[in-house]
Amino acid sequence: MNFDDSPEEARYRATVRTWIAANAPDMGGLSADEQRNWHPAHKAIARQWQAAKADAGYACISWPKAWGGAGGTAIEEAIFNQEEVRAGVQFTYFMTGLHMLLPALMEHNEDDLSLARIPPAVRGEEIWCQLFSEPASGSDSAGIRSQAVRDGDNWVVNGQKVWNSGAQIADYGMLVARTDADLPKHKGLTAFWVDMKTPGLQVRPIKVMSGEAELNEVFLDNVHIPDTQRVGAVNGGWKVVISTLMNERAALGSGTGLSWRDVMRLAAQTPAWEGSAIDDPAFREWLADYYVNVEAIRLLSFRTLTSLSRGEAPGPASSAGKLLWSNKTQEMASEAVDLQGHFGLLDGSDDALLHGAFQHRFLWAPGLRLGGGTDEIMKNIIAERVLGLPADIRVDKDVPFREIPHGR
Amino acid sequence: MNFDYSDEQKALKDQARRFLSAESPLSAARAVLENPATGYDSALWKKIGEQGWCGAAIPEVYGGHEFGYVELCALAEELGRALAPVPFASSVYQFAESLLHCGSEAQKHALLPQIASGALIGTLAFTEGPGVLTAERIETKYENGTLHGTKIPVSDGGIAQRAVVLARDDNGPGLYLVDLEGGGVSRRTLSSIDPTRGTASITFDGAPAEPLGKAQDGLAQLARIHDRAAILLAFEQIGGADRALEMARDYALERYAFGRQIGSFQAIKHKLADVFVKNEVARANAYYGAWALGSNAAQLPVAAAAARVAASQAFWFASKENIQTHGGIGFTWEADCHLFYRRARHLGLVIGSPRDWKRRLTTALQRQLAAEQAQGIAA
Ligand SMILES: Cc1cc2nc3c(=O)[nH]c(=O)nc-3n(C[C@H](O)[C@H](O)[C@H](O)COP(=O)(O)OP(=O)(O)OC[C@H]3O[C@@H](n4cnc5c(N)ncnc54)[C@H](O)[C@@H]3O)c2cc1C
């Protein structure tokens with residue numbers, strides 16, 4: 001056990017830090033609006049940065065060189081990510097593709113056509129989105145009703161996807177559809193990759209409660225997908241789903257965004273009964289509780305890293321990180337808003353402290369407890385897959401999909 | 001001992017629920033959300049005025065209806081349930097209570113009749129910045145009959161015609177009455193977590209004002225007014241929390257996952273049971289507060305702070321777990337869940353945060369214990 005960098009790691013960190021300082025894009029030139037996720041100017045900078053990293057061997061560091069990676073170690077990749085976060089230049093556009101979907105594509109496919117998608121994604125030239133969830137299939141991720149019917153060398157897909165992050169700007173998506181409704185639900189699914197410009201595929205943004213439109217509905221109307229774009233085996237889609245979801249939870253469980261440092265800065269600016277809130281014993285007690293939890297999230301990500309560096313897949317225990325991160329983020333945003341008292345209600349960037357970052361987080365936090373698997377599903381996974389408790393009695397497991405009861 | 005509304009109070013509450021479900025469906029709050037510059041639903045406000053609700057606790061001599069405080073609590077619960085986008089809390093729980101408890105006879109006679117009819121909107125302007133307000137931190141000044149300084153944020157500050165303002169003169173903090181439509185007043189509407197309840201900053205640059213009643217310690221007066229408002233707000237919070245729980249229950253009955261209603265999963269059942277228990281804790285404390293308010297009981301400071309702490313926690317918990325129960329749908333702008341999440345935070349902070357009220361509660365408890373010991377009451 002050692003949480004310090006080894007001499008080689010320290011050397012690598014120093015090199016990386018120097019390189020980032022010399023090459024990181026300057027975000028200062030952007031207006032407050034342009035600094036927001038999904039703004040075209042913000043996205044353009046993210047793409048340039050990704051390409052610069054790829055040229056210097058810092059994109060997908062742990063992937064083989066043949067796929068545009070650097071052939072490095074998982075530890076090196078983690079060190080680079082930490083330094084990126086530290087410098088404030090980590091972007092989320094490529095995460096769905098690079099952390100979730102493409103590793104699954106590489107795991108399940110060996111054909112050149114599919115693998116040709118990987119280098120442009122590594123360079124940030126092509127952005128990916130996840131087309132799994134449907135109106136009646138969220139937590140119940142095998143409850144997919146979109147249908148893919150074989151037609152010669154093609155599949156014809158009809159149905160609807162929903163909650164797809166970034167689909168409005170994505171170039172490619174990974175999609176799961178039902179290919180046999182007479183088989184039990186997990187056994188009749190097949191995965192595909194699809195060009196988002198394919199005729200019949202329509203993306204409609206969804207406005208979320210914070211007022212932004214980063215999620216989407218995706219309608220599939222006779223979308224033709226060549227069989228060469230199938231991922232994994234026919235009716236083997238569930239395996240693909242599982243590999244992506246485990247990657248997602250491991251990625252989400254490592255935590256990003258406002259930190260305890262930001263809360264401390266806020267508290268230092270906020271008057272309390274005596275002095276500032278940073279001296280208020282009630283705040284300090286909360287902060288200590290909060291810190292041990294979020295610090296655990298950071299440290300637990302090293303465990304994930306340790307298993308990755310041994311070539312092991314992230315286990316179900318990473319669900320604990322996802323559960324903690326989303327709940328502690330909501331708690332932190334709530335606490336930071338409350339700390340300011342009546343004034344904390346203001347969320348305009350001109351009036352609110354830290355330009356309203358905490359209020360924005362407060363309005364986004366409910367989504368964190370749902371996306372990537374809900375709290376309740378994370379707890380089920382911990383109880384059943386880590387602790388070995390018996391699963392719920394299932395009414396949907398060994399019956400043909402079309403016979404499963406459903407409501408809305 | 002009687003832990004319930006009387007039959008007449010129940011009839012008033014039922015009538016209020018029918019009125020508000022017709023006149024203030026959630027689409028009314030949503031309309032203000034979509035167009036926050038309006039600040040409130042003026043047509044609804046007019047109708048509420050016609051119902052006489054604004055004067056429910058105002059004595060007849062001042063043009064009110066004098067139904068009583070428990071009746072006002074029952075109305076508050078229904079207004080909270082409906083998320084009514086109107087300045088009721090500012091005008092009735094804060095402004096009218098300021099006048100009733102601190103104002104001179106002349107001030108009461110001049111303004112309360114119009115407040116009671118809803119013709120006039122009043123508010124209470126105290127906050128000046130983030131964090132805790134102490135006497136030394138008040139920068140707004142009262143000099144030669146005029147006010148100078150900025151109050152931010154002021155609930156309904158963009159639409160109110162009169163305000164009671166916390167300011168200080170050479171003797172310390174005091175409360176002052178000001179006409180917001182007169183000279184020396186400029187206002188700016190502000191964006192807030194709950195756009196269905198208007199918020200503004202108000203700058204006074206020599207606005208004519210007069211002391212509210214006899215000059216006294218303004219912070220102590222503010223604390224007394226807020227004790228009263230806390231109980232009324234607690235009823236709005238309970239109304240909102242109950243409705244959020246009903247929404248979650250209804251959705252849990254109709255949504256299926258894994259071939260079952262999601263309400264059949266124990267995780268969801270226990271979650272909603274937890275919401276129910278928190279709502280019960282809030283209700284118990286708020287009812288005690290309603291009694292203390294109506295009877296001016298000595299326990300008022302303890303009851304008010306306890307009601308505020310419990311009701312703020314209940315509405316926060318109910319509103320966030322309602323979103324959680326709804327899954328992705330609950331996170332959308334289109335679903336009504338976020339209206340409750342926003343309103344819960346608004347009500348929880350509008351007269352100071354639960355953190356401050358916990359401090360007030362424990363201080364009031366210390367006083368109560370000391371008084372009991374002095375009287376030789378063993379508990
Ligand atoms: C911000 C965000 C980003 C997202 N991004 C994507 C994306 O890019 N691509 C994509 O495909 N999807 C995405 N999703 C969808 C996400 O995976 C689903 O919203 C999530 O799985 C929940 O599904 P649901 O919305 O259908 O809710 P439901 O599954 O209907 O859940 C409703 C409630 O029931 C509970 N519940 C369900 N089953 C059980 C059970 N067995 N035991 C106990 N409780 C249960 C849930 O926990 C929840 O509280 C995103 C969602 C959000 C909010």
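The following paragraphs describe the contacts between chain A and chain B, and then the nonpolar cores.

The model is predicted, so local features need pLDDT of at least 70 and side-chain atom pairs count only at pLDDT 80 or more, while totals for chains, interfaces and linings use all residues. Residues are numbered from 1 along each chain as its sequence is written, and side-chain values use heavy atoms, with hydrogens and water left out.

Contact (heavy atoms within 4.5 Å) links 62 residues of chain A with 54 residues of chain B. The two chains bury about 5100 Å² between them, 61% of it on carbon and sulfur atoms; buried area is the accessible area (1.4 Å probe) that two parts lose on being put together, summed over both. Seven salt bridges are found across this interface, a salt bridge being a side-chain nitrogen of Lys or Arg within 4 Å of a carboxyl oxygen of Asp or Glu. In the salt bridge of Glu335(A) with Arg355(B), the closest N and O atoms are 2.4 Å apart.

Turning to the interior, the largest nonpolar core has 170 residues, and Phe88(B) and Tyr93(B) have the most contacts inside it. Such a core is a set of buried Ala, Val, Leu, Ile, Met, Phe, Trp, Tyr and Cys residues joined through side-chain atoms within 4.5 Å, where buried means under 20% relative accessible area (1.4 Å probe, protein chains only). Not counting residues up to four places away in sequence, Phe88(B) touches Trp45(B), Ile48(B), Trp53(B), Cys54(B), Leu72(B), Leu79(B) and Tyr93(B). Another core, of 49 residues, lies apart from the largest one and includes Phe91(A), Tyr93(A), Ile118(A) and Ala142(A).

Terms used: Chains are lettered from A and ligands numbered from 1 in the order in which they are written. Buried means under 20% relative accessible area, exposed over 50%, partly exposed in between (1.4 Å probe, protein chains only).
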